[in-house]
Amino acid sequence: MVFLKLFIVFSKIGIFNFGGGYAMLSLIQNEVVYKNKWLTVSEFTDIVAVSQSTPGPIGINCATYSGYTAVINEGYPVWAAVIGAVLASLSIMWLPFILMICISKVMLKYCKTNAIQSIFQTLRPAIVGLLIAASLMLMTEENFGHPNDSTFVFIVSVSLFMLSFIGTRMYKIHPILMILMCGLAGLIIY
């Protein structure tokens with residue numbers, strides 16, 4: 001049953017997503033954490049971190065790891081979890097792939113028309129909203145801690161967040177280098 005649900009959920013995410021992988025994260029989280037309860041918020045956050053660190057598109061990586069973890073959490077063996085990972089990955093891609101093939105010829109012919117330009121103009125703010133939602137969904141107590149529980153963990157988390165933001169935004173430090181530096185800092189501090 002979990003395999004059919006994975007197929008439906010990730011097919012739905014794939015077809016209704018606009019804005020790429022980061023915009024997709026809030027949709028994936030809503031489905032796998034809140035609606036189907038396959039993963040905890042903490043597990044999903046770890047999956048997002050690993051998805052960002054591994055090669056490939058973050059949305060597909062996240063679907064792969066979410067499918068694997070969902071099947072494991074449902075009590076299936078590892079070989080079934082591998083099938084869940086492949087199924088989630090293919091499910092998130094197949095409908096957009098077919099849709100893009102079908103509309104690419106039409107888009108090339110009509111992309112400069114006012115109607116198509118208007119559609120793209122209205123999609124841009126929605127995509128920015130989805131990206132902001134993806135950022136905000138990761139700002140949880142599981143990721144930053146709570147000042148009342150452990151002030152040290154909270155201060156370190158917020159400091160690393162601010163230093164990462166400033167480092168990548170102002171000083172143009174490459175994100176991979178920033179991930180490695182933050183991982184090293186976490187290893188040393190904790």
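So, Cys-102: it's exposed, at 53% relative accessibility. Keep in mind that this is a predicted model.

Does having a cysteine out there go along with a disulfide, or with none? For Cys-102, it's none. The nearest cysteine sulfur belongs to Cys-111, and that one sits 18 Å away. We call a disulfide when two cysteine sulfurs come within 2.5 Å, so 18 Å rules this pair out. Seen from the other end, Cys-111 is in no disulfide either, with the sulfur of Cys-102 as its nearest, again at 18 Å. And the count for the structure is zero disulfides.

How exposed is Cys-111, then? Partly exposed: its relative accessible area comes out at 24%.

Okay, on to the other thing I wanted to show you, the nonpolar patch on the surface. It covers about 840 Å². On your screen, pick out Met-1, Leu-4, Phe-7 and Ile-8, then Trp-94, Phe-97, Ile-98 and Ile-101; those are the residues that make it.

Which helices supply at least two residues each? That would be α1, residues 2–16, and α5, residues 78–110. Of the contributors, α5 gives the most, with four residues.

Let me stop on one of the patch residues, Phe-97. Phe-97 lies in helix α5, and its relative accessible area is 57%, so we class it as exposed.

So, to recap: a nonpolar surface patch of about 840 Å², with α5 as the top contributor, and two cysteines, Cys-102 and Cys-111, whose sulfurs are 18 Å apart. Happy to rotate the model if anyone wants another look.

Conventions:
Residues are numbered from 1 along each chain as its sequence is written. This is a predicted model: local features need pLDDT of at least 70, side-chain atom pairs count only at pLDDT 80 or more; totals for chains, interfaces and linings use all residues. Side-chain values use heavy atoms; hydrogens and water are left out. Patches are made of residues with over 30% relative accessible area and no salt bridge: like charges are joined within 9 Å, nonpolar side chains (Val, Leu, Ile, Met, Phe, Trp, Tyr) within 5 Å. Accessible areas come from the Shrake-Rupley method with a 1.4 Å probe; for residues, only the protein chains shown count as cover. A salt bridge is a side-chain nitrogen of Lys or Arg within 4 Å of a carboxyl oxygen of Asp or Glu. Buried means under 20% relative accessible area, exposed over 50%, partly exposed in between (1.4 Å probe, protein chains only).
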